[in-house]
Amino acid sequence: MWFWFFLGLIFLGVELLNYGLFSIWFAIGAFVTMGFTGFSPWIQFYVFVLVSLITLLLTRRIAVKYLRKKSKVLDRITGKMVSIQGIEDKGYIKVYTVYLDGKYWSAISEEQLEIGDDAMVEKVEGNRLILKYKKGGNL
């Protein structure tokens, strides 16, 4: 019983240091397995693995959805005005270069933009900005 208790504490410690929902399921599995100490070590191991997998499958998606924080960088740049610095024609799509917050960004837009046009950052997808043309917009 003490083995599973200390193993559960170790997994809890790793979880507290990691903050990534990395080992909490193993800690739960270890603590549940404490109730099976009268069984053979193989049965204890199988209970540990089974409980860990079940808690992982049942809670991972929900926990990540509710615990993931929105990036403050994305909140800060959404809605900002940018000026088109360069255009690269990739055949099927034009990729624009814009300068924002001290960095050059790749951007795309449904509208056709030219160098010097002003556009608003509508959203961020991956590492690209999605722009919306702002007629007569001022930086």
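The protein chain of this predicted model has an average pLDDT of 84, and 88% of its residues reach at least 70; pLDDT is the predictor's confidence in each residue, on a scale from 0 to 100. Among the elements, helix α2 (residues 24–33) comes out with the highest mean pLDDT, at 92, while helix α4 (residues 72–77) has the lowest, at 70. Where pLDDT is low, the predicted coordinates are not to be read in detail. Because the model is predicted, local features need pLDDT of at least 70 and side-chain atom pairs count only at pLDDT 80 or more, whereas totals for chains, interfaces and linings use all residues. Residues are numbered from 1 along each chain as its sequence is written, and side-chain values use heavy atoms, with hydrogens and water left out.

As for the overall layout, the chain holds 4 helices and 5 strands. Both kinds of element are DSSP runs numbered from the N terminus, with helices being H or I over at least four residues and strands E over at least two. Along the sequence the pattern reads α-α-α-α-β-β-β-β-β. Of the 139 residues, 30% count as buried, a label for residues under 20% relative accessible area (exposed is over 50%, partly exposed is in between; 1.4 Å probe, protein chains only).

The 5 strands make a closed barrel in the order β1-β2-β3-β5-β4, and the pairing is mixed. From one strand to the next, the twist averages 50 degrees, with axes taken as lines fitted to C-alpha atoms (for helices over the stretch in contact) and angles running from 0 to 180 degrees between N-to-C directions. Two strands count as paired if DSSP finds at least two bridges between them. Strands of a sheet pair through backbone hydrogen bonds, either parallel or antiparallel.

Strand β1 (residues 81–89) runs antiparallel to β4 (residues 118–125), with 3 bridges joining them. Here Val82 has Ala119 of β4 as its bridge partner, and Ser83 stands opposite Asp118 in β4. Strand β1 is also joined by 5 bridges to β2 (residues 94–100), again in an antiparallel arrangement. One of the partners in that pairing is Tyr96 in β2, matched with Ile87. The hairpin of β1 and β2 has 4 residues between the strands, and Gly91 in this hairpin takes a positive phi near 90 degrees.

Another positive phi turns up after β2. Asp101, a residue other than glycine, has a phi near 55 degrees and sits in the loop between β2 and β3 (103–109). Its relative accessible area is 35%, so Asp101 is partly exposed. Although Asp101 and Ile77 are 24 residues apart in sequence, their C-alpha atoms are 8.0 Å apart in space.

Charged pairs come next. The whole structure contains 4 salt bridges, each defined as a side-chain nitrogen of Lys or Arg within 4 Å of a carboxyl oxygen of Asp or Glu. One of them links Lys90 and Glu88, with the closest N and O atoms 3.6 Å apart. Lys90 is partly exposed at 41% relative accessibility, and Glu88 is partly exposed at 45%. In another, Lys123 meets Glu125 at 3.2 Å, N to O. Lys123, with a relative accessible area of 40%, is partly exposed, and so is Glu125, at 45%. A further salt bridge brings together the side chains of Lys132 and Glu111 (3.8 Å, N to O). Because Lys132 lies in strand β5 (residues 128–133) and Glu111 in the loop between β3 and β4, this pair ties together parts that are 21 residues apart in sequence. Lys132 is partly exposed at 36% relative accessible area, and Glu111 is partly exposed at 25%.

The surface also carries a nonpolar patch, made up of Trp2, Phe6, Leu9 and Leu12, which together have about 410 Å² of accessible area. Patches consist of residues with over 30% relative accessible area and no salt bridge, joining like charges within 9 Å and nonpolar side chains (Val, Leu, Ile, Met, Phe, Trp, Tyr) within 5 Å. The areas come from the Shrake-Rupley method with a 1.4 Å probe, and for residues only the protein chains shown count as cover. Within the patch, Leu9 belongs to helix α1 (residues 2–18). Leu9 counts as partly exposed, its relative accessibility being 39%.
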